[in-house]
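Reader: Could you take me through one part of this model in close detail? I would love to look at the nonpolar core and the helix packing beside it.

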Amino acid sequence: MADPHTPYFKDVLTALGANAEPAESFAQYCNDDGERMLAEIFIRLADDRAATGGHPHGLGLFWNQVTGWLWMRGTSDGRLSNEQPLVLAPVATPASIASAVHALLTGRATALPLPGEDAPATAYPAVQELAAPARSSEEDDRDPLDI
């Protein structure tokens, strides 16, 4: 059985096209944070395109249902660090992610995070279901306490 977020991962890879390195990208559903299983996606952006965009050590994207989409810069020792939000929509449409990556690869990282468009619940119901508990806890954090 495929992981519940595999269709989302594949659609994001398709939207990114030549900007992504599919062989260096993966989706997994196996990390337990103590309360729930985390669905994770990692996408390595094409090194030549990252270098052209001013990132000589590469770029990576990371998603899980709690943090949403983040981007990271490569370091000279081959690691990725300095996670920053890519889009604000936790389950953004693949087109929104591609737009944010385009900004990143064309030297407009200061424009990030982009708002992003939420993917319709019908497009990725399993992913929306995974993200629902994180969304509800964020909403609870925003509500003032009634004391």
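Author: Happily! In this predicted model, the chain holds four helices and five strands, and their order along the sequence is α-β-β-α-β-β-β-α-α. Of the 147 residues in the chain, 41% are buried. Among contacts with a separation of 6 or more, 52% join residues 24 or more positions apart.

Now to the core itself. The largest nonpolar core has 35 residues, and the members that touch the most others are Y8, L16, I43, L61, W69, L86 and I97. At least two core residues come from each of α1 (6-16), β2 (37-45), β3 (59-64), β4 (68-74), α3 (94-105) and α4 (125-142). The largest share, seven residues, belongs to α3. As a general rule, nonpolar side chains in soluble globular proteins tend to be buried together.

L16 is a good residue to zoom in on. Leaving aside residues up to four places away in sequence, L16 touches I43, L45, L61, I97, A98 and V101.

That leads us to the helix pair. The axes of α1 and α3 come within 8 Å and cross at roughly 45°. Because angles from 35 to 65 degrees fall outside the parallel and perpendicular ranges, α1 is oblique to α3. The crossing of α1 past α3 is right-handed. On the α1 side, the contact is made by Y8, D11, V12, A15 and L16; on the α3 side, P94, A95, I97, A98 and V101 take part. Y8, L16 and I97 thus appear in this contact, and they are also among the core members touching the most others.

Notes
Residues are numbered from 1 along each chain as its sequence is written. This is a predicted model: local features need pLDDT of at least 70, side-chain atom pairs count only at pLDDT 80 or more; totals for chains, interfaces and linings use all residues. Side-chain values use heavy atoms; hydrogens and water are left out. Buried means under 20% relative accessible area, exposed over 50%, partly exposed in between (1.4 Å probe, protein chains only). Contact means heavy atoms within 4.5 Å. A nonpolar core is a set of buried Ala, Val, Leu, Ile, Met, Phe, Trp, Tyr and Cys residues joined through side-chain atoms within 4.5 Å. Axes are lines fitted to C-alpha atoms, for helices over the stretch in contact, and angles run from 0 to 180 degrees between N-to-C directions. Angles under 35 degrees count as roughly parallel, over 145 as roughly antiparallel, 65 to 115 as roughly perpendicular and the rest as oblique. A crossing is left-handed if the near helix is turned anticlockwise from the far one by less than a right angle, and right-handed if clockwise.
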